[in-house]
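Good morning, colleagues. I should like to take a few minutes to go through one structure with you, element by element. Please have the display in view as we begin.

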Amino acid sequence: LRTHPTTPWLTYAEAAGYTGWSVGYLQNLVSAGKIPVYGRPRSRRFRRDMLDLYLTNPDMAMRKFRAEKERA
C-alpha cells in the first residue's frame, strides 16, 4: 500500500488495496450506503480506522458512522 502512514484518509484506490477488494466493488458498497465513506461525491475518502472496524464488524462500523453523522 502506497499511502503516507500518518494520514488516516484513503482514496478509492488506496482503500481497495488496503481491503483487497476491487475499486468497482468498493464503489458498489458506497452506492448502496453499506460502507462508511466521507466527503463529497467527487472527492470521497475512507478512514482507515473505520475500514478496520468494517472488516471485523460491518454492523458496528455502520452504527458508529451513522452516530458520527448525527452528531455533526
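**Helix packing and one buried arginine**

In α3, the residues that are buried are R48, M50, L51 and Y54. Around the helix axis they span an arc of only 160°, so they lie on the same side of α3. I should say at once that we are looking at a predicted model.

What do these buried residues of α3 pack against? Their partners are β1, α1, α2, β2 and α4.

Let me take the last of these partners further. Helix α4 comprises residues 58-71, and α3 packs with it at an angle of about 140°, the two axes being 5 Å apart. Angles over 145 degrees would count as roughly antiparallel; at about 140°, α3 is therefore oblique to α4. On the α3 side, the contact is formed by D49, M50, L53, Y54 and T56. On the α4 side, it is formed by P58, M60, A61, K64, F65 and E68. By character, the residues of this contact comprise seven nonpolar, one polar and three charged. M50 and Y54 thus appear twice in this account: they are among the buried residues of α3, and they take part in the contact with α4.

I turn now to helix α1, residues 12-19. Buried here are Y12, A15, A16 and T19. These four cover an arc of only 100° around the axis, and so they sit on the same side of α1. A13 and G17, on the other side of the helix, are exposed. The buried residues of α1 pack against β1, which is residues 9-10, and α2, residues 23-31. They also pack against β2, residues 46-47, and α3, residues 48-56. Just after this helix comes G20, whose phi is positive, at about 85°.

Finally, a residue in strand β2, namely R47. Is R47 buried or exposed? Its relative accessibility is 15%, and the limit for burial is under 20%, so R47 counts as buried. What does the side chain of R47 make a polar contact with? The partner is the side chain of Y38, at 3.3 Å. Setting aside neighbours within four places in sequence, R47 is in contact with P8, W9, Y38, K64 and E68. Two of these, K64 and E68, we have already met on the α4 side of the contact with α3.

That concludes my remarks, and I welcome discussion.

Terms used. Residues numbered from 1 in each chain as written. Predicted model: local features only at pLDDT ≥ 70, side-chain atom pairs only at ≥ 80, totals over all residues. Heavy atoms only, no water. Buried < 20%, exposed > 50% of the residue type's maximum accessible area, 1.4 Å probe, protein only. Helix = DSSP H or I, 4+ residues; strand = E, 2+ residues; numbered from the N terminus. Arc of directions from axis to C-beta. Contact = heavy atoms within 4.5 Å. Axes fitted to C-alpha atoms, helices over the stretch in contact; angles between N-to-C directions. Parallel < 35°, antiparallel > 145°, perpendicular 65-115°, else oblique. Nonpolar A, V, L, I, M, F, W, Y, C, P; charged D, E, K, R; others polar. Polar contact = N/O pair within 3.5 Å; in protein donor to acceptor, adjacent residues only side chain to side chain.
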